[in-house]
Amino acid sequence: MTTLLIIRHAMTAWNAERRVQGSVDQPLSDEGRAQAASWRLPPVAAGRRWVASPKVRAWETARLLGLSPEPEPRIVETSWGDWEGRQVDEMRACGDMTAEIEALGLDFRPPNGESPRDVQDRLRPWLADLAADGRPTGAVAHNGILRAVYALATGWDMQGPPQHKLRNACAHLFALAPDGTPSVVEVNIRLDAA
């Protein structure tokens, strides 16, 4: 069975400001560069081929981890359409992002953006390709990608909290069935442990 290890990129200035990045190509902040440089890959990362989202924040994170990944455009972050660049708290305060909209789970779609279900549809062929290839793979990607794979693996509909809190500064390991369907092996493998 093929395995996939996913790492979310380190901190950007927009992450710190709780600003939606989506498809905007933000670099890591100085704090994020220091964070990624301090991370250490866990033993389960050894011997993997690595891919990364071509977004600079993922690419920088991969390079600071000492990786030489191949670019994989299918794992770019969820497009947030018209809401990219806006702060989450501001959108909630002005009524653009309501509790009813957020409660749509997999069908939550920002104006002119992607829903998590769209992202899953984009990821399924990639996961099937990984399973067919058979090589253990590591991916440096984004929160939306990690959440979409986790939801496929667990059946989480993104309405309410997930079974596991997916933490930053961690790697997350999935097994892929022959058709690419993921299952959780282990989440929250610390990267910042001494």
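**Notebook: helix H3, the sheet and the cores**

I began with helix H3 (residues 56-64; helices are DSSP runs of H or I, at least four residues, and strands are runs of E, at least two, numbered from the N terminus), where Arg57, Ala58, Glu60, Thr61 and Ala62 are buried (under 20% relative accessible area, 1.4 Å probe, protein chains only). This is a predicted model, in which local features need pLDDT of at least 70 and side-chain atom pairs pLDDT 80 or more, while totals for chains, interfaces and linings use all residues. Residues are numbered from 1 along each chain as its sequence is written, and side-chain values use heavy atoms, without hydrogens or water.

Next I asked what covers those buried residues of H3. The cover includes strand S1 (2-8), helix H2 (30-38), strand S2 (49-52) and strand S4 (137-141). Just after H3 I found Gly66 with a positive phi, near 85 degrees.

Then I traced the sheet: 6 strands, open, mixed in pairing, in the order S3-S2-S4-S1-S5-S6 (a pair needs at least two DSSP bridges). Strand S3 (70-71) and strand S6 (182-190) are at the edges with a single partner strand each, so one side of each has no neighbour in the sheet. S6 runs antiparallel to strand S5 (residues 170-176), joined by 6 bridges, and I saw Ile189 of S6 opposite Ala171.

Last, I checked Trp126. Beyond its neighbours within four places in sequence, Trp126 is in contact with Leu4, Val51, Glu72, Arg74, Ile75 and Ala139 (contact: heavy atoms within 4.5 Å).

How values were computed. Buried < 20%, exposed > 50% of the residue type's maximum accessible area, 1.4 Å probe, protein only.
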